[in-house]
Amino acid sequence: MEGRDHFGIRARIASEFAFEAMVLTAIAYFQPITRSELSKIFGKEVSRDTIASLRNANFLASGPRSPTPGAPYTYVTTKHFLLAFDLQTLRDLPDIEALEDAGLLSRKGMQEESVGAAEGEEE
């Protein structure tokens, strides 16, 4: 039984890392973006902890305040993000439509994957 518990913990950690990677991808493509806008993409709340983890890794910084009511913070990627992923500029990111056409990325799929990860957390 002990092994099963450890596997559950590893699976949860892997799921959290996968979700952080999806959030980072969304921010890279749709920046500047608010946490609320990210939550709409994923169909669930993107926690402050997720944002803090990405900020602590120096992948994110605060962007301009959103012009929407309440002026929430927006998030943008950093120079460290570009260096870590061997990009000169954000223009070097793969074209999002090409990724979708190739079946490598789906905005709808991102939402479905994040819902599946949330359901796995509830078990």
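Q: What counts as a pocket on a grid over the protein atoms?
A: On a 1 Å grid over the protein atoms alone, a pocket is an open set of points where a 1.4 Å probe fits, with protein on both sides within 12 Å along at least five of seven lines; lining residues have an atom within 4 Å of a point. This is a predicted model, with local features needing pLDDT of at least 70 and side-chain atom pairs 80 or more, while totals for chains, interfaces and linings use all residues. Residues are numbered from 1 along each chain as its sequence is written, and side-chain values use heavy atoms, without hydrogens and water.

Q: Which residues line the largest pocket?
A: The lining consists of Ala-21, Leu-24, Thr-25, Ala-28, Tyr-29, Phe-81, Phe-85, Leu-87, Leu-93, Pro-94 and Leu-99. Helix H1 (residues 2-30; a helix is a DSSP run, H or I, of at least four residues, numbered from the N terminus) gives the largest share, five residues.

Q: How many aromatic pairs are there?
A: Rings of Phe, Tyr and Trp (its six-membered ring) pair if their centres lie within 6.5 Å; planes under 30 degrees apart are stacked, over 60 edge-to-face, the rest tilted. The count here is four. Phe-59 and Phe-81 are edge-to-face, 6.5 Å centre to centre with 90 degrees between the planes. Phe-81 lies in helix H4 (residues 79-84), 22 residues from Phe-59. Phe-59 and Phe-85 are tilted, at 5.7 Å and 45 degrees. Phe-59, Phe-81 and Phe-85 form one aromatic cluster.

Q: Is Phe-85 buried, partly exposed or exposed?
A: Phe-85 counts as partly exposed because its relative accessibility is 43% (buried is under 20%, exposed over 50%, partly exposed in between; 1.4 Å probe, protein chains only). Phe-59, at 17%, counts as buried, and Phe-81 is buried too.

Terms used:
Helices (H or I, at least four residues) and strands (E, at least two) are DSSP runs, numbered from the N terminus.
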